[in-house]
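Thanks for making the time this morning. I would like to walk you through one chain, sheet by sheet, and then finish with the aromatic side chains.

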Amino acid sequence: MSPIELPIHHDEWIRIYNVADAADADDLVNPPILVAPPPEAGDKMHWRIRGQNGTIVEVPHDLASAGPFCVAVPRTVIDSGRLMAIQEGGCRLKILPEGYAILTGDEGSEAVFDLPAVPADLDLPPTMQPVATATTTARQLTDAIFMCGRFPAGFDPDGPAPYMEFAIEESAVSFGANWRRYGRANCTYRAPARTSGTTAVGLLCATVRYLLIDATGRDENVTVSVFGDWVCFESESWKAWAPRVEVGAARCLTSAIEALEKAGLAPRRLSDVSVEIDGHPPVRIEFVDCEPEVLRLSTVLATGLVADAALRSEVDAIMASRVGLRLWFEDSRLVAAEDLLCEWISELPTIFHRFRNQLTGLDLLLASSSGHDQENLLAPAIGEAVQ
């Protein structure tokens, strides 16, 4: 690599300093990098920093430079370059192939730094069609995030807390936090916005919040676009890709599938909120958004029943003899179910096997008490879905 000389404008030093501060850049973990893509990439030269929560932030470099190259610089280069630019009116950055960075102020001051290694996994998400977009001011976004992010009075700030939930709605963006899981009140805050499409996702937005506060004008417009795995916030001076996280049904169901597969079971996804495990009978596992959140294991025990007093009495006796098992009638069907708190999801394989064992012998009990053909027991009727 040949030496690289970069005349960096006073305003750019201030922008990248503010972004590095918001992203909490650390030389050992996430030093700033300067990227000059190859011409065929169609992208401009820019700074790139990964926030401590995985958010990737871009800051454009104002002037063109020969590329391609990708080099990391210590955080102190950004701090010192900003100071030199303020004190002396400007500051140039020179990268040497021997592994050094040199800052030269307009009045002749100089500073030399060792270069850190370029961190891995800093590729930007590919360009794609967003699911939904919204545009509002930095002030409105900041206020909504700040209010949503406050801990309830008396809540331990070092304890577990819910992920923030972000939504693009019709003419608004919203930020919410589900504190009900912790015995507190749920909250949602909205800001008016120009929107296209609607969607709702979980979001890690601490870095974005600091960017809005420290690196953005209050009245500056910010556009938010939701993609497959990322939410992109774009201001006039930076672009941040915040990672999505799973909340609600998606969070619980993903953890449920992992626990079941680890135990050697083979769940089959039915929808965004449910999976099914084949067998006799097949068992559906479904997320139920109640308070507290639960996973419900259920199956249809019998179809074509007439729920007379004798049969209801027999069903009540079965429930009383089996811990955790619930039975109820849905028209002519008899459903068996057991609920598991989502916070105990690691116990799901054990609960699944217990649920299956609790069903053993129920076909004989129900057949003898109801007088129905056993072919209608422990199996769904043709054309009916397992509940």
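Before the strands come up, one definition: two strands are said to pair if DSSP finds at least two bridges between them. Please also keep in mind that what you see is a predicted model.

With that in hand, let me begin in the middle of the chain, where strand β9, residues 132–137, is joined to strand β15, residues 221–226, by six bridges, the two strands running antiparallel. To give you one position to look for, Ala-132 has Val-226 in β15 as its bridge partner. β15 is also joined to strand β16, residues 230–234, through four bridges, again antiparallel, and the connection from β15 to β16 is a hairpin of three residues. In that pairing, Val-224 has Phe-233 of β16 as its bridge partner.

Phe-233 deserves a moment longer. If we set aside residues up to four places away in sequence, Phe-233 touches a list of residues that includes Leu-141, Leu-203, Val-208, Val-222 and Trp-238. Phe-233 is also among the residues with the most contacts inside the largest nonpolar core, a set of 64 residues, together with Trp-13, Leu-93, Phe-166 and Trp-238. Apart from that core lies another one, of 34 residues, among them Phe-287, Leu-305, Ile-318 and Leu-325.

Let me now go to the beginning of the chain. Here four strands form an open sheet in the order β1-β6-β7-β8, with antiparallel pairing. Which strands stand at the edges? They are β1, residues 4–8, and β8, residues 110–114, each of which pairs on one side only. From one strand to the next, the twist averages 20 degrees. Within this sheet, strand β7, residues 100–105, pairs with β8 over five bridges in the antiparallel sense, and Thr-104 has Glu-110 in β8 as its bridge partner.

Two helices go with this sheet. Helix α1, residues 10–22, lies across β1, β6 and β7, and runs at about 95 degrees to β1. Helix α2 packs on the sheet as well, touching β6, β7 and β8, and its direction makes about 15 degrees with that of β7.

Helix α2 covers residues 75–88, and Arg-75 is found in it. Is Arg-75 buried or exposed? Its relative accessibility is 14%, and because the cut-off for buried is under 20%, Arg-75 counts as buried. Leaving aside neighbours within four places in sequence, Arg-75 is in contact with Ala-20, Asp-21, Asp-24, Ala-25, Asp-27 and Pro-32.

Further along the chain there is an open sheet of six strands, in the order β18-β19-β20-β21-β23-β22, and the pairing is antiparallel. β18, residues 268–269, and β22, residues 326–330, are at the edges with a single partner strand each, so one side of each is left without a neighbour in the sheet. Eight bridges join strand β21, residues 294–302, to strand β23, residues 333–341, in an antiparallel arrangement, and in β23 it is Asp-339 that stands opposite Arg-296. Helix α5, residues 248–262, lies across β18, β19, β20 and β21, running at about 145 degrees to β20, while helix α6, residues 309–321, touches β22 and β23, its direction making about 155 degrees with that of β22.

That brings me to the aromatic rings. A pair of such rings is described by the distance of the centres and the angle of the planes. In this model the count comes to seven aromatic pairs. In one of them, the rings of Trp-13 and Trp-47 have centres 6.5 Å apart and planes at 50 degrees, so this pair is tilted. Trp-13 lies in helix α1 and Trp-47 in strand β3, so the pair ties together parts that are 34 residues apart in sequence. Both Trp-13 and Trp-47 are buried.

In another, the rings of Phe-155 and Trp-179 have centres 4.8 Å apart and planes at 75 degrees, so the pair is edge-to-face. Phe-155 sits in the loop between α3 and β10, and Trp-179 in the loop between β11 and β12. Phe-155 is buried at a relative accessible area of 15%, and Trp-179 is buried at 3%. Together with Phe-151, these two residues, Phe-155 and Trp-179, form one aromatic cluster.

Finally, two arginines: the charged end of Arg-82 sits over the ring of Tyr-17, 4.1 Å from its centre, and that of Arg-209 sits over the ring of Tyr-210, 4.9 Å from its centre.

Note on methods: Residues are numbered from 1 along each chain as its sequence is written. This is a predicted model: local features need pLDDT of at least 70, side-chain atom pairs count only at pLDDT 80 or more; totals for chains, interfaces and linings use all residues. Side-chain values use heavy atoms; hydrogens and water are left out. Buried means under 20% relative accessible area, exposed over 50%, partly exposed in between (1.4 Å probe, protein chains only). Contact means heavy atoms within 4.5 Å. A nonpolar core is a set of buried Ala, Val, Leu, Ile, Met, Phe, Trp, Tyr and Cys residues joined through side-chain atoms within 4.5 Å. Axes are lines fitted to C-alpha atoms, for helices over the stretch in contact, and angles run from 0 to 180 degrees between N-to-C directions. Rings of Phe, Tyr and Trp (its six-membered ring) pair if their centres lie within 6.5 Å; planes under 30 degrees apart count as stacked, over 60 as edge-to-face and the rest as tilted. A charge sits over a ring if NZ of Lys or CZ of Arg is within 6 Å of the ring centre and within 35 degrees of the ring normal.
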